[in-house]
Amino acid sequence: MKNLQSSQKDYATVILVESNLLERENFIQFSLEEEWRVVICEDGLEVIQWLNNNSTADLLVIEENSTPISGYQIADYIKKELGLALPVIITTGEIPIVQERRVLAYAEGIIKKPFIAATTILQITKTLEKSIEIAPEKNDYYSLNYLNDLSGGDEEFIMELLKVFSASVNTELKNLNEGLTQKDYLRIREIAHGIKPSFDMIENKKGKGICRLLDSAVDERDVPKLIEELNLEFAKINKQLINDFPELNLR
């Protein structure tokens, strides 16, 4: 898996779903001035197909009432099913504050139509500056979706959390192996309980599941095998992180 960090940059790729042809042309005009590459998709299904067939995009701008799948549903599907932290801006008309909050539960921003160049460019620029995106190649070991949501796309904060994850879990696994040598099963349960949220944070279900088993009344005969599997899973996660984020200098 390759990790791409999004920022406000030349040639950012913006996917647009807009049924109103005048609004579409307006958006394309100021995008050309900003040197954004605009990909026009007719609906959410075409967006999914494009993402599956191409390397990546930097932003999706999609109308709230897109059919046959709404902007909310597409934003949710991209993050949960495709494993992308692709930022999404939903475009709307005038809507109540309560509805705006609902929109922001699914997307990183709102743009109200008609498109006004200055405000639209500002919203897109801000979103690109703070977003982190994971390219759609398959990654079985971790996801940044939760951290991205937690931090509001703060790249520096996410990088720091990944460093803490790698260092702290590595230390605790050494303690876990020591506990196994000493057959200290109470200590093993306590360590497993303590590091379970770390695997949950990066959405690694296997690591979280093994920790849950070690933290339960598992047969002591099964403990060595579970610890071996947990060590192996962490090694795979760490290797993937080293590959994706060499600037972190993980070991």
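Glu178 is partly exposed in this predicted model, at 38% relative accessibility. The side chain of Glu178 meets that of Arg187 in a salt bridge, with 3.0 Å from N to O. Arg187 is also partly exposed, because its relative accessible area is 22% and the buried class ends at 20%.

Salt bridges that share partners also build a network, which joins Glu18, Glu63 and Lys113. In total, the count comes to eight salt bridges. One of the bridges within the network pairs Glu63 with Lys113, at 3.5 Å from N to O. Glu63 belongs to strand β4 (residues 59-63), while Lys113 sits in the loop between β6 (109-112) and α5 (117-130). The two residues are 50 apart in sequence, so the pair ties together separate parts of the chain. Their surroundings can be compared by accessibility. Glu63 is buried, with a relative accessible area of 9%. Lys113 is partly exposed, with a value of 23%.

A further salt bridge connects Arg24 and Glu42, whose closest N and O atoms are 3.3 Å apart. This pair, too, links distant parts of the chain, with the two positions 18 residues apart in sequence. Arg24 is in helix α1 (residues 21-33). Glu42 is in the loop between β3 (37-40) and α2 (44-53). Arg24 counts as buried because its relative accessible area is 12%, under the 20% limit.

The fold as a whole comprises ten helices and seven strands. Of the 251 residues in the protein, 47% are buried. Contacts between residues at least 6 apart in sequence were also examined. Among these, 65% join residues at least 24 apart. The accessible surface comes to about 13000 Å². Carbon and sulfur atoms account for 50% of that surface.

Part of the surface is a nonpolar patch formed by Tyr146, Leu150 and Phe157. Together these residues have about 300 Å² of accessible area. Leu150 lies in helix α6 (residues 145-151). Its relative accessible area is 49%, so Leu150 is classed as partly exposed; the exposed class begins over 50%.

Helix α7 (residues 155-181) holds Ser168. A polar atom of the Ser168 side chain lies 2.6 Å from the backbone oxygen of Val164. Ser168 is partly exposed, with a relative accessible area of 32%. The C-alpha atoms of Ser168 and Ile195 are 8.5 Å apart in space, although the residues are 27 apart in sequence.

Lys205 is part of helix α9 (residues 205-214). Its relative accessible area is 75%, so Lys205 is exposed. Along the chain, Lys205 and Tyr141 are 64 residues apart. In space, their C-alpha atoms are separated by 8.7 Å.

Confidence was examined last. The protein averages a pLDDT of 84, and 88% of the residues score at least 70. Over residues 1-9, the pLDDT is below 50. Beyond near neighbours in sequence, this stretch has 37 contacts in the model. The pLDDT is also below 50 over residues 132-137. That stretch has 34 contacts in the model beyond near neighbours in sequence. Where pLDDT is low, predicted coordinates should not be read in detail.

Note on methods. Residues are numbered from 1 along each chain as its sequence is written. This is a predicted model: local features need pLDDT of at least 70, side-chain atom pairs count only at pLDDT 80 or more; totals for chains, interfaces and linings use all residues. Side-chain values use heavy atoms; hydrogens and water are left out. Patches are made of residues with over 30% relative accessible area and no salt bridge: like charges are joined within 9 Å, nonpolar side chains (Val, Leu, Ile, Met, Phe, Trp, Tyr) within 5 Å. Accessible areas come from the Shrake-Rupley method with a 1.4 Å probe; for residues, only the protein chains shown count as cover. A salt bridge is a side-chain nitrogen of Lys or Arg within 4 Å of a carboxyl oxygen of Asp or Glu. Helices (H or I, at least four residues) and strands (E, at least two) are DSSP runs, numbered from the N terminus. Buried means under 20% relative accessible area, exposed over 50%, partly exposed in between (1.4 Å probe, protein chains only). pLDDT is the predictor's confidence in each residue, from 0 to 100. Contact means heavy atoms within 4.5 Å. A polar contact is a pair of N or O atoms within 3.5 Å; within protein, one must be able to donate a hydrogen and the other to accept it, and residues adjacent in sequence count only if both atoms are side-chain atoms.
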